[in-house]
Amino acid sequence: MIGGPIEATITPTNHDLGDFEVRRALPSKQRRMVGPFIFVDEFGPAHLPPGGGMDVRPHPHINLATVTWLFEGAIDHRDSIGTFSTIRPGTVNLMTAGSGIVHSERSPPSERKGGPRMFGMQTWLALPDGREEIDPAFEAVEDLPVIEDAGARAIIIMGDLWGERASTTTYADTIYAEIVLAPGGQLPIETPADERALMVVDGEARIDGEELPLYTLVVLRPGDAPLLRSEKGARVMLLGGESFATKRHVFWNFVSSDRERINQAKEDWREGRFPKVPGDDQEWIPLPDKPKTVTYP
């Protein structure tokens with residue numbers, strides 16, 4: 001029964017990609033957003049077969065920013081503004097789609113021989129009103145604040161938490177952190193953010209004594225500072241930020257406050273009007289008729 005510090009519990013939808021599994025918590029029927037976060041995927045842990053790898057062909061985005069955070073493994077990111085970046089644990093990759101960007105995500109050749117490891121998070125942030133059509137951009141930030149206290153170690157990925165602020169760009173008020181608890185470790189979730197949620201991705205943890213199920217997105221009630229604690233050790237993601245007054249629509253990889261803008265993006269991708277990805281322009285993902293992620297008819 002939901003009570004105490006917990007407002008909602010969202011069990012993710014599992015997508016089996018063959019060699020590894022992706023768990024999608026947002027968007028869901030229960031909740032479309034938590035702060036600016038409109039899409040939350042957790043993948044792995046997995047050890048892919050030797051010679052294999054992840055190969056996400058070029059695909060487009062509009063009116064959002066993607067945030068990739070790894071616990072294990074590596075991903076080669078390429079995009080249509082000319083970026084090439086190898087994502088590794090400890091570095092956050094923020095890709096701002098804005099008016100439109102195309103990117104691909106593939107396991108590096110150096111990882112494939114022994115079989116790549118895949119374990120991490122990919123989230124999307126809706127861009128706020130008035131900034132949805134900003135210029136595309138990319139940044140990789142590795143110098144992130146670390147908080148250590150009472151058997152807890154927290155890396156602040158985005159925003160202002162526990163008196164420290166990450167240098168990662170934010171477009172709306174955003175909080176995002178990885179918290180690692182040693183056995184018996186604890187940390188108060190002290191943040192005035194409008195909306196907050198936790199996801200245990202490894203181990204076990206409780207919030208004010210209430211169990212947090214593995215891989216489940218648990219939305220916290222606003223206003224208080226509940227205590228996150230683990231008896232045996234855990235890795236927990238904290239995410240959230242300001243609530244959005246204007247509804248966002250999602251179709252496939254497109255997010256916007258304007259349905260017609262999404263229809264235009266669909267047509268632009270279908271007709272090949274998006275820019276190409278330098279170094280990865282021979283393949284692409286076709287526009288699906290019925291995507292797995294859609295929040296309007």
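Is Phe254 buried or exposed, and at what relative accessibility? Select Phe254 to begin the tour: with 0% relative accessibility it counts as buried, where buried means under 20% relative accessible area and exposed over 50%, with partly exposed in between, for a 1.4 Å probe and protein chains only.

The model is predicted, so that local features need pLDDT of at least 70 and side-chain atom pairs count only at pLDDT 80 or more, while totals for chains, interfaces and linings use all residues. Residues are numbered from 1 along each chain as its sequence is written, and side-chain values use heavy atoms, with hydrogens and water left out.

**Aromatic pairs**

Add Phe274 to the selection. The ring centres of Phe254 and Phe274 lie 6.2 Å apart with the planes at 10°, so the pair is stacked; rings of Phe, Tyr and Trp (its six-membered ring) pair if their centres lie within 6.5 Å, with planes under 30 degrees apart counted as stacked, over 60 as edge-to-face and the rest as tilted. Phe254 belongs to strand E26 (residues 254–256), whereas Phe274 lies in the segment after helix H2 (259–270), 20 residues apart; helices (H or I, at least four residues) and strands (E, at least two) are DSSP runs numbered from the N terminus. Phe274, at 10% relative accessibility, also counts as buried. Extend the selection to Trp252 and Trp269, which ring pairs link with Phe254 and Phe274 into a cluster.

The whole structure holds 6 aromatic pairs. Among them is the stacked pair of Phe39 and Trp124, with 3.9 Å centre to centre and 10° between the planes. Phe39 in strand E4 (residues 37–47) and Trp124 in strand E11 (residues 117–126) are 85 residues apart, and both are buried.

**Charges over rings**

Select Lys266 with Phe251: Lys266 lies over the ring face, at 4.0 Å from the ring centre. A charge sits over a ring if NZ of Lys or CZ of Arg is within 6 Å of the ring centre and within 35 degrees of the ring normal. At Trp284, the charged end of Lys276 sits over the ring, 5.4 Å from its centre.

**Nonpolar cores**

Select Trp162 next, which, with Tyr176, Ile179 and Leu228, touches the most other members of the largest nonpolar core, a set of 58 residues. A nonpolar core is a set of buried Ala, Val, Leu, Ile, Met, Phe, Trp, Tyr and Cys residues joined through side-chain atoms within 4.5 Å. Strand E14 (residues 152–158) supplies the largest share of this core, 6 residues. Beyond its neighbours within four places in sequence, Trp162 is in contact (heavy atoms within 4.5 Å) with residues including Ile147, Ala154, Leu187 and Leu238. A second, separate core of 13 residues includes Met33, Leu64, Met95 and Ile101.

**Two open sheets**

Now display the strands in the order E5-E10-E7-E8, an open antiparallel sheet of 4 strands; two strands pair if DSSP finds at least two bridges between them. Strands E5 (55–61) and E8 (84–87) stand at the edges with a single partner strand each, so one side of each is left without a neighbour in the sheet. E5 pairs with strand E10 (residues 101–106) over 5 bridges in the antiparallel sense, and Ile101 in E10 is the bridge partner of His61.

The last stop is the open sheet of 4 strands in the order E18-E23-E20-E21, again with antiparallel pairing. Here strand E20 (residues 205–207) and E21 pair over 3 bridges in the antiparallel sense, and Glu210 in E21 is the bridge partner of Ile207.
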